[in-house]
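Me: I am new to this structure and would like a close look at a single part of it. Please keep to plain description.

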Amino acid sequence: MSESYDLIIKGGDVVTPNGTEKIDVGVKAGRIVALGNLEGATSREEYDATGQHVLPGAIDTQVHFREPGLEHKEDLACGTAAAALGGIVAIFEMPNTNPNTLGPVELADKLARCENRAWTDHAFFIGAAEENVDELGELEKLPGCAGIKIFMGSSTGSLLVEEEGLLVEVLKNGTRRCPVHAEDENRLRERFALVRDGAEPTMHPVWRDPEAAVLATTRICRLARQTGRRVHVLHVTSKDEMPILAANKDLVTVETTPQHLTLSAPGCYEELGTFAQMNPPIRDEEHRLGLWEGIRTGIVDVLGSDHAPHTLEEKQKPYPASPSGMPGVQTLMPLMLDHVNKGNLSLERLVDLTASGPARIYNIAGKGRIACGFDADFTIVDMNKEETISKDWLAYKCGWSPFEGVTVKGWPMATIIRGSVVMKDGELIGDPQGKPVRFTDTEPAKNS
């Protein structure tokens, strides 16, 4: 009697820990249960992946979906819809909403808002602040919590943790890896005079110069070593930080973004103006190439979109009154697949940066690789498909992308989450069924 499955993915080039193999994938009860030749097996559903690559589901570990409090820019429903359309199976959302995510009440509220609305799986960071520093060790263990986020620069109110004594207390309270926005707030304040009275957007990386990043990255590496706490430096933008990070890889992991790998100053500011403005800034070509060297040499562990939308009206304010941030969750995979086709990295390296890397550094349970027993999460792509990123395709509430009009080669064809086909051929399918992501270093993993 032939084996029966809920879903069989047939005929694709499947990227497994064993390499890229032309095999079938069998799924039951949301998990991968068979890899190989499944000719003759039956299934309730079949996906024909002929001519396509089947990748482990891509995970975007840095997004700002603006809910609650700033839903005019974005919300959890359309943010996760955009993620699924872009081939993303899970997102980690940041705490600088209104109110800030500082404790169990705010975390529970975000998780409740995702029920029957989130298209992808999800987890939320709790922000480190003076008022919750003594509770961080317990807060990081809450179900649905991705960890504790530290803002060393470029935040407001109590989420800004710049005083060294408080930073040490934050790092001492807990054991999970802490993601960090590393810019030196004192240097940013000192240099703000360069742009305070108005300037061209090309001044953004001059004000927030590489030294502001180097100072903060050096400091957090020193404090991580002093306290023995693992940290994760987000959106690294400068070649100057790479040697510092390489010297601390036993404690420190590294993220960069597709936009910092794709755009460079001054051209991006001359073309896009304030729509290229984000923190830390997009820098010149020398730094862009330095980030690629960090990928080539293995210093960079993960890619995050730092999806941070603002409305057209907000972004059109004169610099520096214009807010920093750009949307990116939907374009992460198309941009990076294009880089694979251009020879800038291998497809296997992209899988490491978007699936196994996130799973490794955050101890995600059951995700990050195509292997028996793991969640049936897949990002299925056509490496030969050329598409132009268009406003019609984008699901962002903010209504724009800095990459509108850009033609890429390599495109997400399907997003499958725990065995359910959520997106196929550019269309969302069914109803939102996203669930909280599980972590091996908090509560014991439960069957999902």
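How do the residues of the lining of the second largest cavity divide into nonpolar, polar and charged? Please also describe the helix that gives the most to that lining.

Reply: This is a predicted model, and what follows was computed from it.

The lining of the second largest cavity divides into four nonpolar, four polar and three charged residues. The space inside this cavity is about 50 Å³. Its lining is made up of Thr 237, His 260, Leu 263, Ser 264, Pro 281, Ile 282, Arg 283, Asp 284, His 287, Arg 288 and Leu 291.

Helix α11, residues 285–296, gives the most to this lining, with three residues. The length of α11 can be checked. At 1.5 Å a residue, its 12 residues should span 16 Å, where the expected span is 1.5 Å times one less than the number of residues. The C-alpha atoms at the two ends of α11 are 16 Å apart, which agrees with that expectation.

Next comes burial, where buried means under 20% relative accessible area. In α11 the buried residues are His 287, Arg 288, Gly 290, Leu 291, Trp 292, Gly 294 and Ile 295. Among these buried residues, His 287, Arg 288 and Leu 291 also appear in the lining of the second largest cavity. The cover over the buried residues of α11 includes the helices α7 (210–227), α8 (241–246) and α9 (258–262). Also part of that cover are strand β14 (252–256) and two further helices, α13 (332–341) and α14 (347–362). His 260, which lines the cavity, falls within the residue range of α9. After α11 comes Gly 298, with a positive phi near 85°.

For context, the model has four cavities of 30 Å³ or more. The largest cavity has a volume of about 60 Å³. Lining the largest cavity are Trp 119, Ile 417, Arg 418, Ser 420, Val 422, Asp 431, Pro 432, Gln 433 and Gly 434. By class, that lining has four nonpolar, three polar and two charged residues.

Another helix may be set beside α11. Helix α1 covers residues 76–85, and nine of its 10 residues are buried, so α1 is largely enclosed by the rest of the structure. The buried residues of α1 pack against elements that include α2 (104–114), β10 (121–127) and β17 (407–417). At the N-terminal end, α1 is capped by Asp 75, with a side-chain oxygen 3.1 Å from the backbone nitrogen of Ala 77. Just after α1, Gly 87 has a positive phi of about 90°.

Conventions. Residues numbered from 1 in each chain as written. Predicted model: local features only at pLDDT ≥ 70, side-chain atom pairs only at ≥ 80, totals over all residues. Heavy atoms only, no water. 1 Å grid on protein atoms, 1.4 Å probe; cavity = no way out; pocket = protein on both sides within 12 Å on 5 of 7 lines; lining within 4 Å. Points joined across faces, edges and corners; volume = space filled by probe spheres on them. Nonpolar A, V, L, I, M, F, W, Y, C, P; charged D, E, K, R; others polar. Helix = DSSP H or I, 4+ residues; strand = E, 2+ residues; numbered from the N terminus. Buried < 20%, exposed > 50% of the residue type's maximum accessible area, 1.4 Å probe, protein only. Contact = heavy atoms within 4.5 Å. Polar contact = N/O pair within 3.5 Å; in protein donor to acceptor, adjacent residues only side chain to side chain.
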